[in-house]
Structure formats: C-alpha cells, structure tokens
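Here are some worked exercises for you to try with the structure open beside you. Have a go at each task before you read its solution.

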Amino acid sequence: MKLAQKGFGVFLSNWAVLPLQFVTGVLVVRTLGAEGKGVLLILTTGLTLLSAVGQLGLPNAATYLVRKEAANARTLLLHYLALLLGFTGLTAAVLLLARDRLWQLLFEGTPAQPVMIQLLLVILPLSMATNFLAALLLAQGQAREYAKQTVGLGVLNMGFTLLLVVWLKFGVVGGLAALALAQAVNVAFIARRVLRATAGQAAAFDRGVFREMLRLGLQNYLVSLGSLILKRVDTFLVQAFLGTAAVGIYSVSRVPFDTVLTVPRAVSGLVAGEASGADTAAAGTLVAKVTRNVLWIMLAVVAPIALGAPWVVPAFYGERFAEAVPALEILLLAAVFFGVAISLQTYFVGVGKPGLNARFTLVAGLANAGLSCLLIPRLGLVGNALACLAGTLLLAGLQAGWFLRLAGGRWPDMCRLETDDLGQLFERLRRRFSRVRSTA
C-alpha cells in the first residue's frame, strides 16, 4: 500500500469518529456547563503536559531507530516500560510529598480531591503507553492498525463519557473515569497488535540501545514541550486571567483547531518513518509533496467551518458560547500554519536532525506564551487566539526556511499544488467512495 493511501486511510478513520465526538462534546458542555467543562479541560490539559514531560521524546526516537533497523520494537518497548514505571512512581511520590504545590502548578482552579488524584495516576501511564505503542505501529507501516486504535479510543471515550457524565451525572469525576476506562481497554488492544506484529523478535535490555534511545529522545524532547506551549499552556493562562468558566468557553474555540490538525497528524508518523528509511534527497522530495497536500487540504477544510461557526456554535452549545466564535475563526487559521509545521517536522526527524525541531518549536512556544500574557488582559479570548496565530506563523516560517535551506527548492514550490497531486487526491476519493457504495 502506498504512503498516500495509508495516510488517507488514517485520515478518513480519524474523521469517521468526529461527528460522534462533536455530539458528545456538546452533551458534556450542556451537562457540566462552562465551569464544569473548564475544570475538566484544565485537568486533562495538565495531564497532557505531565505526560509530555515523562515521554522524553521517546516515541519519535523509537520511530527513527525502528526504521534504521538499529533496534527491534520489542526491545524498545521493554526499555520504555521501565522508564514509564519509574516516571509514574516519581509522580506519585511528588503528589504524596508536595501535593498542593504540584496541584497548583498543573491544575490550578480545580479541586484536589483524592479520587481525582487516583484517576490521574491511572490515566498518566496509560496515555503515555498509548502514544509509544502508536508510534511503533506507524514506524512499522501498520497504518490500518493505527487507525483502528485511534478510532477505538475515540469510540470508547465517547461511550464511557455518555454513560458516566451525561446519563449517570458523575460530573467531572465521571469524565476522568471515562478517560481512564477508555485508555485501559485501548492499551490492551493496541499492545496485543504490536506484540502480534513483532512476533519472533527477542526483547532484551541493551545499554547501547538505551543510551541511543535517550540521546535521540532528548533531542525531540523540546519539540514536545514547545508544542504543548503552543497548544496547551494557553489554557492555564486563560484560567489565570479570565477564570475557569472562560476556559470552558475557550474549549469550544479549540474543538475545530484540534479537529483539523488530524489532517497532518494522520500522515506525520508514516512520513517520519518513510523519511527515516530514505536518503536525504528522497526525504526532501517526499516531505515537500506531503506538505503541499496538507496545506491545501487544510485550507479546504477550515473555510466551511469558519463560515458556519457563527450559526453552529450558539445553536448547539448555547448563546453564551457565541463569544467563542471570533477566537475559533482565528485558531482555524493558526491550525493551517501549525499543520504545515507538523508536516515539515518529519523531514528533520527523518534526516536525524530533530534538534532543529526542538529549537524552532521552543522559540515559537515561548513567543506564543509571552504574547498571550500581553494580549489576554486586553483582548480576552481573541487575544489568546491571536497569540497562538503569531506563534504558529513563526514556527511554520522557521521550519520552511530551514527545510528549503537543507533540502533545496523555492518558497513558491512549498505552496503550489501540483495538478498531478490534485488529480491523485480526487482519484483516491472516487475509489474510496466507490467501494463504500458497492458494500452498502
């Protein structure tokens, strides 16, 4: 199966579950209100930040090592599990010894209930394991299996959320419990798939592999942290300046942003693996073509969302959430540039220069955070969205400039959609929907 077909399949699988996720999100907001939704978002955002800290950039390192055949997947998984258990134990110890300080740092504005702490300590290792296992699947070209686990996690989370939050009215605790249950079931299934795909490989501790894994991971580490600053830290800043209810309203602005970013993420893991297995020139050609497609697909996707948002948001979420629309439309434009940056990052991973991604992402993330601190008090949610747009523009510009410097090419080549690319896209769409009609 060609890379484009694999990526397109992952993309369609991700989007197949989006209507259900949207309906679930609306029901959760209607059930919990802006304040409750804000509390849940702060908790999950803090958990995402903590997870990224513990990942140490190892999923990207595993992708590179598997494709370079420097280590087998089972050996990498064995080393990762040891690090995962150590980080989870360390987090539990810090929560036990300095709970109030850590809670204020990551979850300010939310109650530090014992049941919430227990659930977060369950979700943390499960979500980290999911990310690493997914990276192994993509590194091995298992796009179909990756799509299954992505859709499966989404469906499981929706089902448990509807049961615990909407029907049984367990509130924020129910939302966390739903995520924990969904992650547990998903990890069991994806681990089985990875082990089945790597049957025959021998897993053993190897100091050389461990050192190389950490070396490459730490080069990717700042990429993860910088991305989180661009995508997540603004949640804490909105809470600090505007309150928890504003976080709930802003979360509605973030829904389309996160949704359209499934386009570059659908192929980024696959492209990183392919680029790692190719020479420098071939990697540059591949990434340039993928980036052009990503740019134009995302523009085509965000345009109707932006046009419909002023009517759709208040109709579904309520009139109070109409103030989320201006920020939503700005964030859609930011998502286009962020998607281009995600696509270009695969080149630097593939040619063994992830440190460049780290520098660019950290600089852009810090610029975003600084602008948010300046603009939120003056412009509210719109100010935060403008800061995100500026940060993603800076990131995409840095990535594109260095890509052209290393891989060659011109700026117009980065943006011009080739007629062959467009024709291939429509042909894949035609074949896909022809198969759907034939099986209906």
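**Exercise 1. In this predicted model, work out how helix α11 and helix α14 are oriented and which residues join them.**

Solution.

Step 1. Find the two helices: α11 covers residues 244–260 and α14 covers residues 325–350. Their axes come within 8 Å and cross at roughly 25 degrees.

Step 2. Angles under 35 degrees count as roughly parallel, so α11 is roughly parallel to α14. The crossing of α11 and α14 is right-handed.

Step 3. Now look at the side chains. From α11 come Tyr-250, Val-252, Ser-253, Arg-254, Pro-256, Phe-257 and Val-260. They meet Ala-327, Leu-328, Leu-331, Leu-332, Ala-334, Ala-335 and Phe-338 of α14.

Step 4. Sort the residues of this contact of α11 with α14 by class: twelve are nonpolar, one is polar and one is charged.

**Exercise 2. Decide whether α11 and α13 are roughly parallel or roughly antiparallel, and describe their contact.**

Solution.

Step 1. Start with the geometry: the axes of α11 and α13 are 11 Å apart, and the packing angle is about 155 degrees.

Step 2. Angles over 145 degrees count as roughly antiparallel, and therefore α11 and α13 are roughly antiparallel to each other. The crossing of α11 and α13 is right-handed.

Step 3. List the partners. Val-252, Val-255, Pro-256 and Val-260 of α11 make the contact with Met-298, Val-301, Val-302, Ile-305, Val-313 and Tyr-317 of α13.

Step 4. Sort them by class: the contact of α11 with α13 has ten nonpolar residues, no polar ones and no charged ones.

**Exercise 3. Find out how the rings of Tyr-80 and Phe-132 are arranged, and where the two residues sit.**

Solution.

Step 1. Locate the residues: Tyr-80 is in helix α4 (residues 73–97), while Phe-132 is in helix α6 (residues 114–139). The pair links distant parts of the chain, 52 residues apart.

Step 2. Check the rings. Their centres are 4.0 Å apart and their planes are at 5 degrees, so the pair of Tyr-80 and Phe-132 is stacked.

Step 3. Check the surroundings, remembering that buried means under 20% relative accessible area. Tyr-80 has 2%, so Tyr-80 is buried. Phe-132 has 0%, so Phe-132 is buried.

Step 4. Try another pair. Tyr-317 and Phe-321 have ring centres 6.0 Å apart and planes at 45 degrees, so this pair is tilted. Tyr-317 is buried at 7% relative accessibility, and Phe-321 is buried at 5%.

Step 5. Put the pairs in context: the structure holds eight aromatic pairs. There is also one aromatic cluster formed by Tyr-347, Phe-348, Phe-360, Trp-402 and Phe-403.

**Exercise 4. Compare three residues, Gln-55, Gly-284 and Asp-100: is each one buried or exposed?**

Solution.

Step 1. Take Gln-55, which lies in helix α2 (residues 18–55). Its relative accessibility is 6%, so Gln-55 counts as buried. Beyond residues up to four places away in sequence, Gln-55 touches Tyr-80, Met-128 and Asn-131.

Step 2. Take Gly-284, found in helix α13 (residues 280–317). Its relative accessibility is 7%, so Gly-284 is buried too. Leaving aside neighbours within four places in sequence, Gly-284 is in contact with Tyr-347, Phe-403 and Ala-407. The C-alpha atoms of Gly-284 and Gly-409 are separated by 9.3 Å, although these residues are 125 residues apart along the chain.

Step 3. Take Asp-100, found in helix α5 (residues 99–107). With a relative accessible area of 57%, Asp-100 is exposed. The C-alpha atoms of Asp-100 and Ala-112 are 8.0 Å apart, with their positions twelve residues apart along the chain.**Exercise 5. Identify the buried residues of helix α10 and the residue that follows α10.**

Solution.

Step 1. Find α10 at residues 233–242. Its buried residues are Asp-234, Thr-235, Phe-236, Leu-237, Val-238 and Gln-239.

Step 2. Move past the end of α10 to Gly-243, where phi is positive, near 105 degrees.

**Exercise 6. Step back to the whole chain: how many helices and strands does its secondary structure come to?**

Solution.

Step 1. Count the elements: the chain has 18 helices and zero strands.

Step 2. Look at burial: 52% of the 440 residues count as buried.

Step 3. Look at the contacts with a separation of 6 or more: residues 24 or more positions apart account for 84% of them.

How values were computed: Residues numbered from 1 in each chain as written. Predicted model: local features only at pLDDT ≥ 70, side-chain atom pairs only at ≥ 80, totals over all residues. Heavy atoms only, no water. Helix = DSSP H or I, 4+ residues; strand = E, 2+ residues; numbered from the N terminus. Buried < 20%, exposed > 50% of the residue type's maximum accessible area, 1.4 Å probe, protein only. Contact = heavy atoms within 4.5 Å. Axes fitted to C-alpha atoms, helices over the stretch in contact; angles between N-to-C directions. Parallel < 35°, antiparallel > 145°, perpendicular 65-115°, else oblique. Left-handed = near helix turned anticlockwise from the far one by under 90°. Nonpolar A, V, L, I, M, F, W, Y, C, P; charged D, E, K, R; others polar. Phe/Tyr/Trp six-rings, centres within 6.5 Å; stacked < 30°, edge-to-face > 60°.
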